[in-house]
Structure formats: C-alpha cells, structure tokens
Amino acid sequence: MIEDTRRLNSFLRKTRRGHVLKITHELYLRTDIPCGSHACQQCSIDQTTVLDKQMNNGNNLVPTGHYLLVDTNIILQQVDLLEDPLFTNVIVPQVVLDEVRHKSLAIYKRIRSIIGVPERKFFVFINEFNKNTFVLRQSGETPNDRNDRAIRKIAQFYNEHLKQQIAIVLLSDDAANRDHARNDGLLAFSLKDYVVTFNRPELLDRLVLKEESFDLEKDLGKRKEIIFPEHLPLSEVQRGIKSGKYLQGTFQASRENYLEANVFVQDSEKYNQLFVQGYRNLNRAVHDDIVAVEVLSEQEWAIPFSLVIDDKDDDQGDLVIEQEETGLVVPGVSSKKTASCRIVAIIKRNWRQYCGILQESLPGAKFHLFLPHERRIPKIRIESRQAEELKNSRVMVQIDHWPRLSRYPHGHFIKALGKLGDKETENEVILAENDILHHEFPEAVLDCLPKLPWIITEEDLASRVDLREYCIVSIDPPGCTDIDDALHCRLLENGNYECGVHIADVTHFVRPNTAIDLEARERGTTVYLTDRRIDMLPVLLSGNLCSLRGGEERFAFSVRWEMTADAKIVNTIFHKSIIKSRSAMTYEQAQTIKDDSGMNDEIAQSLRRLHSIAAQLRQKRMDKGALVLESSEVRFQLDTETHDPLSVINKELRETNWLVEEFMLLANISVAEKIYELFPDCACLRKHPAPPISNFDPLVKAAETKNFQIRANTGKELADSLDHAVLPAHPYFNTMLRMLATRCMMQAVYFCSGFESDLKNFEHYGLATPIYTHFTSPIRRYSDVLVHRLLAAGIQADATFPDLLNKRVLQQICNNLNYRHRMAQYAARASVDLHTQLFFKNMHTDEDGYVFAVRKNALQILLPRYGLETTLFLRDKDGKSVGDFHEEESTQTINNTVIHMFDPVTVQISVDSNNIQRQRIQIHLVKPIIDGFSVSPIPKSKTTIDEVDNTITAPVKRLKVKSSK
C-alpha cells in the first residue's frame, strides 16, 4: 500500500530587480520507491533493478563486494574517471543528478549516457520523494551542507534496507563530508584513495588534481612568481559591462602566433573586433572562451606582427620572457596600430577534451607538458605516471584550471588514442578534435527503420503525384550512393518548358521526435572524410530507400516550374511524388551524353534543355552580383584495400556541375520564398551576411601589388572587380585572388525567421539573393529535413506539430546545425591534410607553386597541383633568420633577391620526420636561386611524382565531397 506524506519546503529568493520572493515547494513522500538492488528482499524486481546481488569489486579498502555512492563534486570533477568500466554498481542520488544538471549540462549528458548503459549498472535513486531519505534544510544550513547530509542519509538507508548484506561506500572529495560520514559509522573515502588500491596508473592519471598539487617550480628549485593579473569578480564585471567600461566577446586565439588573439565583441556599436597581444593581456583565456575585456588607450594599442611562431617545444617551466610580454620586434615597416584590449575576466570557460602528444620531459619528471593537436590551444601541464609508455602515442587531455602562478593551464590525462602516425589513430584525432558524432546508431534508432521488403502501397499512390513515366535523371560525383536529387525537363504543348527538381522524401521515413529524428538532429549533417563517410542517417535510408537510385521507384518531394525559353518562371508548384529515375549518372557521363551530337534520345534532349535553361539562370545571377569564388579542392585516388592515397587529382568542373548547381539553387530559393510566405515567424532559412568592408583589406592590398583596384562596397562591385583582375601572362593570378576573396567572407548560417525583423538580414551575399534556404539534401543535412516538414505542412501534404512552429526551439536547432556544419568542414579539411601528409611521406620531389602571402619571417606557398598551402620559413641552415620584410610592398628581400606576392617559385617537398612527435610537410626553396638559402633541385634520374602517378596499377576508388552553399 502506498503511504503518501505531505511536506512543505519554503525558502527565500532575491530577484534581479531586488525583490524578495518566498517560494514553497509541496512534496508528497512515498515509501514504495525501489532501491534498485537485486539483493533486496522488500522492493519489487523489474527492468529498473540494475544493482548486482554479488560483485567482485573488492579491494584493500573494502575487501568484499560493495555499492558505490557518489556525491555531486565527484561527478562534476571526475566524470572522466567514472566513464571507466571499472566503476559499476554505482548509486547516483536524485539530489546529485539535479545539482549536476544545474551546474553543467555537458557533464549531466555524459553521466546520463553512462546511466543509459545497462552493463554499467548505474542506478538513479529518487531520494527527494522517498519518506526514508528526504531531509529538510535546517535553520542556518547551506544548500550544499543540506545536500551532503541527504547523501549520508541515503548511505544509512541502504545499510538498513539491505540489512548490511552489501557494503555501501561513499565517494567524496569533500573532507568535511567524509568526516561526518565516518562519525555516522559509514564507509567514506576520497576517489584518489579508492582508485590507488587498484594499482592502475592510467586511472590515477585521470584524476582531477587541485591547484596546489602542481608543484613543478618547487621541484625545479625555482621561485614562484605571479605571471598573470587576477581576474575580476563576476559581480564587478557585470556592473562594468552594464556601464560600458568592459565589453563581452568570444576569444579567438591565433593559429600562427601564440602571443596574439582577437576578441569578437558582442553588443558594441564601436567595436566588432579587438586585438590582444602579450601573455599578460591574454590573461589565461583559451580559444572559444567567453571573456570580458577592457579596451586599452589608443597609446597602448598594439601592432599585429605578421609572424608565424610556435611556443617553444623544449620549455619546461613558467618563465615568461620580456619579448613574450611586449611582442616580438622584427625590423621593417609596420602597419598602423589596431584597436586593442586586455582580458580582465573569464565569463564562461568553453574547455573541451583535447588530443595531442606529450612533450619530451626531463628524466624522472612527475609533471609533463601536453602539446595539443589544435595550434590555438596552449600547452597543458599534467601529472602522469606513464609518460614513457605514452611518448609515441596520441593522448586525450582535459584542462582543469589555470592558476596565476603558472604559464600553462593544468589538466589531467583522459585516455590514449593509439600509436602516433597510425592512420586509424590520426582519424580518431580528427573526429575527436572536431566533435564529430561517430558512434554506432543505437538500437532505438534502428528500430525506427522500415521493415524489408519495402513496398509502395495504394495509400501512398493516392497521396502523391505519380511521375514514374517522366524522364528523370540524377547527376552526382563518381561513387556517390546517397543520391539526394534528380532533375527533368520536358517541352510543353504551349512551347514553354517544365523543369523539375525532385528531392529524396526523407521525412516520410524520419518522423518528428522519434529516436531516429533526435539522432539526426544531434548529428546535424553527414561528414565526408577522405576515406570514409559518417552518415547522419542509417545506411538503409541514406544509401537505399531514400537514395534516388537509377531504375528504382522512390518517394520524392518535387518542385516544378513552367519556364519560357529565356528562363522566365511562369508558375511554380510543390508536391510529394513517386519517381523512377531513368539513370544515375556521373558528371562526366552526363557531359558526354550532352555533348555527343549523335545521341538524341529522351535523356540527351532533357540534358540539353536543362543546360540551356541553367546557362541563362547562371547569367542572371552573375548580373545581380553573385560571386564566383575559388578554393583549393583536390581529391585522392585511394587504394581499395588500405585506403592509403595513391595519387592526388585536382577538382575538375564541367558544365554539368553548374547545371545541377543552378537548379539546386533555384529550388532552394523557391522553397525559401514559399515557407517564409506560409510561416513568416518560423521559417528555417540560411543567410550569408555581407562582410565588413575592413575584411577585404588583405584582398585589396594583394591586388594593388599587381596594380589592380578591388572595390567591395557591394557584392556586384566585388564580382566586377574580380572579373577584371586578369593577367594574361599569369593565368592563375585571378584564381588566387578569388581564393583570397573566399577568406574575406563571413560564415553562412541557418536561422529562424522569427528572430530577424529586418528583411535585409535575410540576404545571401555570395549568391546575391534576398532569401535562401537548404531544401535539396535531406539525406545529409538536417536543416533540409526541417524545411521539408515546413513546406509539407504549408501545402497540407503532412501534419504539423508543436515544435515545428516554435521559433525558440527552431533557433536552438539552427544553432546546433551551424556548429555541426562548421565542425564537419573542419574535419573534412583535416582529413585532406592527413592524406596529403601520408601521400608525401615517402616522397622527395620538386614542385612549382606561387607565393600566396608574405610574412615577416616566412612565405606562404600555394602548390595548386595538390591544393596544398604550406609555410616556407626564412631561416638559413643554422636556423638564423634571413630576409628583409617590407610590409607595404608585401615583399621579402633575401641576399638582394626580391620576392613578391604571387611570384612563381619552385620548392622541394618532403615530410620532416626528425621529430616523430610532430611530423609535418616541409618545403625548401629551389627557385629563384638564392645563394646560401635555396637548395639544389632533385636530379632528374630520381623518381618524380609524375612517374609515381603513372605506375599506379592497383584498383583505386575516388571520393569526392559534395559542396554546399
């Protein structure tokens, strides 16, 4: 029988406006809440009962099998350790879980994921509604003390409830809590004392240590000095931001100079971006932190140094030299000073887990420096007992704190990822560094998939337009299996054309708020690496039932236009359909069919009509100011067994590439207009903001070196300027200018229309269109799934649901999609870099390239054949700097030889394997010949890259990444 007992819990709370509210919680306590133990003889046994009756987790502290009871700080600070399979049969009190959720949502999700694994046997005990364990807060008792007392009450309850059959061990790093527990006759230990008994060094390495545990300076006999200014208290920062004394922004560290960073300021009319230089001004901020800054007086503004420098690899201590504080002085003409600031406080830390390697340490050292894979992250000091075993491994580390006395943040070891240089290990680093969700799809997701064989029912036919007799084709890269889109074009009786874009109807299979929908929403996008694809949806959908494969009947969402011969749209209709693609072609196959005058079948005629319309659509976009930008895209030929790169191929664009692109753009624009018309407050759109005019300064300056003037007040001006910047004797010059223009652009982002009141903010700058969205790739982008649902609801092809029309929920989803899309791009680039390094690992070759940027101590060299941009440091054989830098002219003078931006050069490429921990591609100058600096060319008798390419006989596969606007 259930016995309910009513309790009132009252407390006072002060509002932001200074009012005091009395809040009363009414609780009903129960006596039938289960304890979750199979050893219990009183509670009923069901699927929620996870704690074992017998265990073999005894140790020196507790010889017999036992349950662990954890407090809040153990989870908040030591969750990395709790993720180890060693920890099973753990009781997580409700009061602890609630407090963790309040303090850190990220850690709450991690502990929840552990609880969700049945094999781990983590049991959530609902103590706050249990009559036997509920405790009222006493007069003068802090909330923390009350929660600690509640946890001890739980331990007492389990001892009595299980009649001492199984020991209950309280794990707490709070000494006072442990003392109180022992006084109550309970078993209580710190996590370190408990873990030590297992004699596993890797577990001790994963402990989060207190600041005072790092005593490196004492070990080295050095005197501790305060390096950094103290951070201001949050209350003072909030007052300062409100008064305008301080500004808030996002800290973005430099990839090329560890002494420099930028802060992107929020809510400031005067400053969008502020510059930070010098160790003390950086003041312990880490990349992506939310910081408070104080703008320096104009006399203190700094000069950005066009330097490429790393933190010293051999540093072991906390000494900050003067140049690191004031900046590095390099002779030459400097640009004007930049608006600068100093960090006064950290508002929010955005630390994550970092991949990297351990720096070689002094013999017998207790503490070690970790070198992150991400160049924008500082070195991290950790304590490790397994440095010798890890010296040739990739490891993962977490930052814990950064005291004022330490040059580097302090952290702890999490796990080893694998052997350094191993391809699988390096791929794991790419996925971890870019937060790519790559776990297997859970059973709950797979349960959402349709059963095979899948058939089209009479009900399906009745609710869709049957287009199976239409000549519909798809055009994609070689090897593409996730075919999102298909096209058709037919001549109408009135002389006009009907053009259609047909997109995989993913939303038929992925219903709202199901497990598969929530998984796809979290992943956000399919991630394309050089040697693999990480799908947003299970392969049964992405590569089969949703994929518009040739000769197979599939569901689609169609957009059809009636157009005149000069590409004017007469009418647009949207509907769900059933299609049967006549052919799934590659770009090359489609181009061959279109160009072959001897082929006049229905497919060939459709392709030629599509090409004619697309050419006119493209010209209209160009006339409006749409930009044609460039990037150094390559693809690899991979060995079919090892997936190692065998050859590098430049991206080749055919007419059929932009044929498909034009119709996809038209479909996206048409759908954007429609969903905004139907749902003006909750349309999922994509905008590309116009860059601030200052973003184009590097492009303008680069063009001026060749006497061209770039105007960028509007997109049309920029497009025209780029079109006119052509050097007949230097055909690659315009391509490089367009690559520089790409780097001046802002990031395109998804957004909810209900949060933008000005239609001007809807514009897509690069495409020169007032409104835009993504509709054409729902197999690989969740944004398109949202758009499909909105359009279907608007044309009454599907039902709506509350979250679909909730603009706040939609904006939260958009924020995640922007993050996931950005991370996917970073991962793809990192994968290309990895395979480029693997390709050159056993090569030593000369290659032609161009000077792409001139720095104070280096030249950035672009090698078009490999899409590779790398750094040529201006140092002689003894490591001494050479060259005279002229910033205004963007030149370096070395031994009377002047090198300009865009100059052709020949360089020698190899992989620097002297330092096994940091292998990287290195180049040396071959031409122009400079005495004492350039190297001799490789003799022609040696194997060249061309000869290597020509000797490839093994079967290869080509992977091509789809582009997205």
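Isoleucine 382 stands opposite glycine 411 in strand S17, and this pair offers a way into the predicted model described here. Strand S15, residues 380-383, pairs with S17 in the parallel sense over two bridges. Both strands belong to a closed barrel of five strands that runs S13-S14-S15-S17-S16 with mixed pairing. Neighbouring strands of this sheet are turned by 55° against each other on average, direction ignored.

## The protein as a whole

The protein has 26 helices and 39 strands, and buried residues make up 52% of its 965 residues. Among the contacts in the protein with a separation of 6 or more, 69% come from residues 24 or more positions apart. The accessible surface comes to about 45600 Å², with 48% of that area belonging to carbon and sulfur atoms.

## Helix H13 beside the barrel strands

Why can helix H13 be described as largely enclosed by the rest of the structure? Of the eleven residues of H13, which spans residues 423-433, eight are buried, so the helix is largely enclosed by the rest of the structure. The buried residues are Lys423, Thr425, Glu426, Asn427, Val429, Ile430, Leu431 and Glu433. These buried residues pack against strands S13 (353-358), S16 (393-401), S17 (410-419) and S23 (533-534), and also against helix H25 (807-840); of these partners, S13, S16 and S17 also appear in the barrel order given above.

At the start of H13, a side-chain oxygen of aspartate 422 reaches to within 3.2 Å of the backbone nitrogen of glutamate 424. After the helix comes aspartate 435, whose phi is positive, near 55°.

## Helices H2 and H4

Two packed helices are described by the angle between their axes and the distance between the axes. For helix H2 (residues 94-103) and helix H4 (residues 143-161), the angle is about 145° and the axes are 9 Å apart. On the H2 side, Val95, Val96 and Glu99 meet Asn144, Arg146, Asn147 and Ile151 of H4. By class, this contact of H2 with H4 has three nonpolar, two polar and two charged residues.

Helix H4 also contains histidine 161, which has a relative accessibility of 13% and therefore counts as buried, the limit being under 20%. Leaving aside residues up to four places away in sequence, histidine 161 touches Cys35, Cys40, Gln42 and Cys43. In the loop between H4 and strand S6 (167-171) lies glutamine 164, and this residue is exposed, with a relative accessible area of 59%.

## The hairpin of S24 and S25

Strands S24 and S25 pair in the antiparallel sense over eleven bridges, and within this pairing tryptophan 561 stands opposite threonine 572 in S25. Strand S25 also pairs with strand S18 (residues 465-466), here in the parallel sense and over two bridges; the bridge partner of valine 465 in S25 is serine 577.

The hairpin of S24 and S25 has five residues between the strands, and alanine 567 in this hairpin takes a positive phi near 70°. Lysine 568 is found in the loop between S24 (553-563) and S25 (569-580). Apart from residues up to four places away in sequence, lysine 568 touches Glu562, Met563 and Lys620. Lysine 568 and leucine 617 are 49 residues apart in sequence, yet their C-alpha atoms are 8.8 Å apart in space.

## Backbone angles in loops

Several loop residues may be listed by their backbone angles.

| Residue | Angle | Place |
|---|---|---|
| Glutamine 164 | phi near 60° | loop between H4 and strand S6 (167-171) |
| Asparagine 707 | phi of about 65° | loop between helix H21 (697-704) and helix H22 (715-724) |
| Proline 453 | omega near 0°, from leucine 452 | loop between helix H14 (443-446) and helix H15 (458-463) |
| Proline 928 | omega about 0°, from lysine 927 | loop between strand S38 (920-927) and helix H26 (945-950) |

The peptide bond from leucine 452 to proline 453 is cis, and a cis peptide bond likewise joins lysine 927 and proline 928. Glutamine 164 has its positive phi as a residue other than glycine, and asparagine 707 is not a glycine either, although its phi is positive. Is asparagine 707 buried or exposed? Asparagine 707 is exposed, because its relative accessible area is 74% and the exposed class begins over 50%.

Conventions: Residues are numbered from 1 along each chain as its sequence is written. This is a predicted model: local features need pLDDT of at least 70, side-chain atom pairs count only at pLDDT 80 or more; totals for chains, interfaces and linings use all residues. Side-chain values use heavy atoms; hydrogens and water are left out. Helices (H or I, at least four residues) and strands (E, at least two) are DSSP runs, numbered from the N terminus. Contact means heavy atoms within 4.5 Å. Buried means under 20% relative accessible area, exposed over 50%, partly exposed in between (1.4 Å probe, protein chains only). A polar contact is a pair of N or O atoms within 3.5 Å; within protein, one must be able to donate a hydrogen and the other to accept it, and residues adjacent in sequence count only if both atoms are side-chain atoms. Two strands pair if DSSP finds at least two bridges between them. Axes are lines fitted to C-alpha atoms, for helices over the stretch in contact, and angles run from 0 to 180 degrees between N-to-C directions. Ala, Val, Leu, Ile, Met, Phe, Trp, Tyr, Cys and Pro count as nonpolar, Asp, Glu, Lys and Arg as charged, and the others, Gly among them, as polar. Accessible areas come from the Shrake-Rupley method with a 1.4 Å probe; for residues, only the protein chains shown count as cover.
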